[in-house]
Amino acid sequence: MRVERLDVTELHARVEELADLLVDTVDGGASVGFLAPLDRAQALAWWKERVAGVAAGRLAVWAARDAGRTLGTVGLAFPDKPNSRHRAELVKLMVHRDARGRGLGRTLLTTAESAAAAAGVTLLHLDTETDSLAERLYDTAGWTRVGAIPDYAASPDAVLRPTSIYYKRLAGPGESDD
């Protein structure tokens, strides 16, 4: 298994696989912003729209690949306002159903956290569906749950669900995150 950060060229090269991953994730019931069934053309268009963010440095995307197949991804969204450059949002952590249960989600999460710290980010935040499998990952990875917003987003089957908000402080240069 190899996790690599995708530049614009690599994102273009992997967009078909990333679209397949997004469709699988939604079909598997994960709440990542889309309703099921997700049309592959919509998934492809969504990933193509991410290219501008990567090109501008507002988005960093990593892909986990094995045997020539993309099995997972994670992103960091960087704000463009001067008062928020110390933070980033963890976005679209997805693992293909065929690859779950092997620690890939944690590997992707750790990759994004390490890259954020290396970039000088000292605070990460995210939102995820309350009581989801993802919540267990964030809880065990040292993230702090702030609370939940009721009826925040629709699940893939269009049922309004609460969303939990999390953050994690990262060590700055010369600091320990203990």
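Here are a few exercises, each with a worked solution, on the structure above.

The structure is a predicted model in which local features need pLDDT of at least 70 and side-chain atom pairs count only at pLDDT 80 or more, while totals for chains, interfaces and linings use all residues. Residues are numbered from 1 along each chain as its sequence is written, and side-chain values use heavy atoms, with hydrogens and water left out.

**Exercise 1: the overall fold**

Task: Find how many helices and strands the chain has, and in which pattern they follow one another.

Solution:
- Step 1. Use DSSP runs, numbered from the N terminus: helices are H or I runs of at least four residues, and strands are E runs of at least two.
- Step 2. Counting these runs gives four helices and seven strands.
- Step 3. Along the sequence, the pattern reads β-α-α-β-β-β-α-β-α-β-β.
- Step 4. The radius of gyration is 16 Å, close to the 16 Å of the globule rule for 178 residues, so the chain is as compact as a globular protein of that length. Here the radius is taken over C-alpha atoms, and the rule is 2.2 Å times the number of residues to the power 0.38.
- Step 5. Along the principal axes, the C-alpha atoms fill a box of roughly 45 × 40 × 35 Å.

**Exercise 2: unusual backbone spots**

Task: Work out where the cis peptide bond from Ala36 to Pro37 lies, and which elements hold Asp151 and Ala158.

Solution:
- Step 1. Start from the background: most residues other than glycine have a negative phi, and most peptide bonds are trans.
- Step 2. The bond from Ala36 to Pro37 is cis, with omega near -5°. Pro37 sits in the loop between α1 (8–27) and α2 (40–56).
- Step 3. Asp151 is not a glycine, yet its phi is positive, about 50°. This residue belongs to strand β6 (residues 144–154).
- Step 4. Ala158, also not a glycine, has a positive phi of about 70°. You will find Ala158 in the loop between β6 and β7 (160–169).

**Exercise 3: the nonpolar cores**

Task: Name the residues that touch the most other members of the largest nonpolar core, and the element that gives the largest share.

Solution:
- Step 1. A nonpolar core is a set of buried Ala, Val, Leu, Ile, Met, Phe, Trp, Tyr and Cys residues joined through side-chain atoms within 4.5 Å. Buried means under 20% relative accessible area, exposed over 50%, and partly exposed in between (1.4 Å probe, protein chains only).
- Step 2. The largest core has 25 residues, and Leu76, Leu90, Leu109, Leu124, Tyr138 and Trp143 touch the most other members.
- Step 3. Two or more residues come from each of β2 (59–66), β3 (69–77), β4 (87–95), α3 (104–118), β5 (123–129) and α4 (133–140).
- Step 4. Helix α3 gives the largest share, five residues.
- Step 5. Now look around Leu109: beyond its neighbours within four places in sequence, Leu109 is in contact (heavy atoms within 4.5 Å) with Leu90, Leu93, Leu137, Tyr138, Ala141 and Trp143.
- Step 6. Apart from the largest core lies another core, of 23 residues, among them Leu6, Leu11, Phe34 and Trp46.

**Exercise 4: buried or exposed?**

Task: Decide whether Leu44, Val51 and Ala13 are buried or exposed, and find the partners of the two α2 residues.

Solution:
- Step 1. Leu44 lies in helix α2 and counts as buried because its relative accessibility is 14%.
- Step 2. Leaving aside neighbours within four places in sequence, Leu44 is in contact with Val15, Glu16 and Ala19. Leu44 and Leu22 are 22 residues apart in sequence and 8.8 Å apart in space, C-alpha to C-alpha.
- Step 3. Val51 is also placed in helix α2, and its 13% relative accessibility makes it buried.
- Step 4. Not counting residues up to four places away in sequence, Val51 touches Val8, Leu11 and His12. From Val51 to Thr9 there are 42 residues in sequence and 9.0 Å in space, C-alpha to C-alpha.
- Step 5. Ala13, in helix α1, counts as exposed at 56% relative accessibility.
- Step 6. For the chain, buried residues make up 42% of the 178 residues.
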